[in-house]
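Student: Please choose one part of this model and take me through its surroundings slowly. I would like to follow how one residue leads on to the next.

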Amino acid sequence: MENPSGLNDRQMEAVHAVEGPLLILAGAGSGKTTVITRRISHMISSGIPAPSILAVTFTNKAAREMLQRVKTMFPGKVPMPHISTFHSFGAQMLRESIESIGFRKNFTIYDSQDQISLIKETAREIGLKLEALDLDGTAQLFSAVETGRTPWTGQEKHIRELFDEYRKNLQIYNAVDFDDLIMLPIRILSEVEEVRELYRSRFHYLMVDEFQDTSEAQYRLLKLLGEGCGNVCVVGDDDQSIYSWRGANYENILRFEKDFPAFKEIKLEQNYRSTKQILRVANRIIANNSNRKGKELWTGAQEGEPIELYMAESERKEAEFIVSKIRVLKIRHSLQFHDFGVLLRANHLTRAIEEEFLKENIPYQVSGGMSFFERKEVRDILSYLRVIVNPDDDVSLLRIANTPRRGIGKKVIENLVALSAQKECSLYSAMTVLRDSGQKELDGSHSSQSPVAEFLSLMDDYREKLQTPGKAAETVKALVDEIDYWGHLVQEHKDQDLARIKLSNVESLMGSVEDYEKNPDVVHPSIQDYLTRVSLASRDDIGDKDAQGRVNLSTIHAAKGLEFPVVFIAGVEKDIIPHGKALEERDTNVEEERRLFYVAVTRAKQKLFLSTCATRRFRGKPVTAYPSPFLEEIPKESLVVIEEEEEADTSQSADFLTEMRKRFLE
DNA sequence: CACTACACATGCACG
DNA sequence: ATGTGTAGTG
């Protein structure tokens with residue numbers, strides 16, 4: 001570092017350019033996070049009120065870490081800058097002002113799973129054939145249309161009808177989907193002047209991290225907030241743009257230049273992360289892309305060791321190779337498990353490696369993939385809470401109405417659906433209508449008690465109970481007992497161990513409610529706020545507290561912004577990276593796949609391993625795999641190919657001996 | 001009407 | 001390998 005502040009000149013310049021629009025092009029490992037936090041703390045020190053600063057990051061984790069760093073710089077300072085993701089900013093804004101466009105404040109946030117359930121439900125309602133419908137594709141189309149990325153292209157008349165019904169249902173259910181978290185704030189800010197003024201007077205300094213991954217809609221939101229004060233700072237790297245599939249558009253950089261013509265541009269090109277060897281390879285790879293801003297990273301770091309490529313026979317061998325390298329390097333360089341990152345293109349590729357890690361007792365942590373909150377049993381309980389908070393939430397209601405079984409079966413639901421269609425109301429309202437009308441023949445009653453009425457009184461009862469502050473965790477536990485969820489799990493699974501695991505997940509959920517409730521940073525804890533957080537939680541939000549001492553197994557996407565002394569990129573194969581599906585979609589996607597590979601390579605500080613398999617299991621069957629064409633873009637002299645496995649004995653004790661031997665020979 | 005079993009299709013990335 | 005839809009059974 002060049003001067004006493006610990007920052008180089010360019011970084012200093014970025015920290016001090018507080019007023020007016022600013023574009024920071026920050027290469028991988030160029031100290032971007034440091035610059036952003038230093039810039040915030042510089043602003044606060046120079047008298048700018050902290051709450052007038054709004055910083056938007058890409059993940060909750062990044063937001064938390066940034067806030068933490070600022071807090072450390074100003075211990076005890078009370079109003080802090082607002083630091084969050086776009087989505088959680090949107091959610092908070094909606095909690096405050098959604099009534100101005102006709103929703104109620106207790107709205108539910110539907111994630112992509114809920115969204116798909118709702119599309120399915122809606123399709124059923126309007127009599128669409130489900131088998132003819134690609135639900136995932138439809139959800140993606142809806143999102144593209146909603147955010148203005150794709151216009152309707154004619155022909156799909158029934159799809160448009162489905163879309164309109166879907167939107168209508170969201171309104172009836174008092175629910176918003178992920179896209180709404182961006183689109184509705186845009187609508188409010190454009191249409192409701194008071195709210196626009198309120199927000200513009202609240203935030204005078206805006207900052208966006210990972211700008212290359214913001215969508216056009218997010219950019220519009222940013223522009224609406226920032227065009228009043230003009231103090232908008234965006235930080236990004238076009239070479240690391242890897243989210244175009246969900247609307248990210250690095251052309252936002254061009255838009256920014258056009259919308260804020262007085263902008264100042266600063267390039268950060270000195271890399272503080274990787275060795276010369278690693279950086280050289282990264283530069284060579286990315287040089288094959290054509291659409292670039294143009295940037296050449298350099299480093300003053302040591303030359304380092306060459307990159308190694310291991311060509312394994314099978315996934316199994318690949319995993320064994322990774323394990324043995326981790327063992328050896330860990331001892332040889334006194335590393336910890338968390339100094340290793342294993343990066344993969346897709347989630348399911350983690351499986352083979354996970355198995356090996358389990359077998360070999362390597363502690364690991366998976367980021368990406370199924371999150372805790374996506375587990376069936378966890379969603380069940382969360383659905384109860386969601387219905388309690390927002391009874392009109394039909395998606396959650398359908399999930400729990402008969403879980404555990406309570407006699408509200410298909411027939412009863414059908415009756416309720418008919419009734420709700422007729423009254424244009426939610427199922428819950430239909431339930432109350434049914435109860436009050438006393439039409440016992442419709443509600444599944446066998447004896448004197450009506451299951452529908454009982455269900456309603458259960459919900460009312462717990463809605464009441466959850467009002468008591470500080471008792472949420474306790475109340476949730478009481479609810480789980482009262483519905484006998486344990487009995488339900490036991491009944492559903494003949495594998496009792498599985499049932500026990502699921503119950504322990506439910507217990508973890510209750511633990512998370514308790515943690516939330518006791519968290520001193522939460523000013524007014526409520527179940528509604530808890531549910532909002534959960535809906536916005538990213539996949540690695542839970543468990544990152546004990547990431548210490550574990551190997552990080554992660555998708556490349558989820559590894560963005562992270563770094564490790566030792567990185568393995570596994571499955572560097574044709575059709576994996578670049579991904580076959582991605583290339584099918586658009587031929588320009590090769591460049592994004594190459595950026596993805598570039599991101600993966602630039603995570604490594606000291607040592608980088610690449611690996612491929614000759615055969616890989618696909619849909620249960622072994623299939624021949626080929627090395628990735630990207631490997632040919634790496635200069636031969638920068639790559640050492642490990643032809644044969646050095647007879648890695650995978651039994652732990654033998655391995656330990658080998659390591660000891662190596663250690664003493666050095 | 002509810003539950004079980006079996007067949008079937010399907011697997012890129014994320015807030 | 002997993003989830004979902006459906007047909008068939010109690």
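**A residue in a strand and what lies around it**

Tutor: Thr555 is buried, with a relative accessible area of 9%, where buried stands for under 20%, exposed for over 50% and partly exposed for what lies in between (1.4 Å probe, protein chains only). This is a predicted model, in which local features need pLDDT of at least 70 and side-chain atom pairs pLDDT 80 or more, while totals for chains, interfaces and linings use all residues. Residues are numbered from 1 along each chain as written, chains are lettered from A and ligands numbered from 1 in written order, and side-chain values use heavy atoms, without hydrogens and water.

Thr555 belongs to strand 12, which covers residues 551-555; strands here are DSSP runs of E with at least two residues, helices are runs of H or I with at least four, and both are numbered from the N terminus. Leaving aside residues up to four places away in sequence, Thr555 touches Leu344, Ala346, Asn347 and Ser367, a contact being heavy atoms within 4.5 Å. Ser88, in turn, is 467 residues from Thr555 in sequence, and the two are 23 Å apart in space, C-alpha to C-alpha.

From here we can turn to Arg345, which is found in the loop between strand 10 and helix 14 (350-359). Arg345 counts as buried because its relative accessibility is 17%. Its side chain makes a polar contact of 2.8 Å with the side chain of Glu593, that is, a pair of N or O atoms within 3.5 Å, where within protein one must be able to donate a hydrogen and the other to accept it, and residues adjacent in sequence count only if both are side-chain atoms. Beyond four places in sequence, Arg345 touches Ile556, His557, Ile576, Ile577, His579, Glu593 and Leu596.

Strand 10 (residues 340-344) leads us further into the sheet, since strand 10 and strand 13 pair in the parallel sense over four bridges, pairing being called when DSSP finds at least two bridges between two strands. Within that pair, Leu343 has Ile569 of strand 13 as its bridge partner. Strand 13 also pairs in the parallel sense with strand 14 (residues 604-613), over five bridges, and there Phe564 is matched with Ala604 of strand 14. Strand 13 itself, residues 564-569, is mostly covered, with six of its six residues buried.

Arg345 also takes us to the DNA. There are 28 residues around DNA strand B, and the closest are Arg345, Arg405, Lys411, Glu585 and Arg619, a residue being near the strand if one of its heavy atoms lies within 4 Å of it. Of the atoms of DNA strand B that come within 4 Å of the protein, 54% belong to sugar and phosphate. One phosphate oxygen of the strand is 3.5 Å from an N or O atom in the side chain of Lys411, while a polar side-chain atom of Trp245 is 3.0 Å from a base nitrogen and an N or O atom in the side chain of Ser112 is 3.4 Å from a base oxygen. Helix 17 (410-423) and helix 24 (580-585) are the elements that give two or more residues to this surface, and the largest share, three residues, comes from helix 24.
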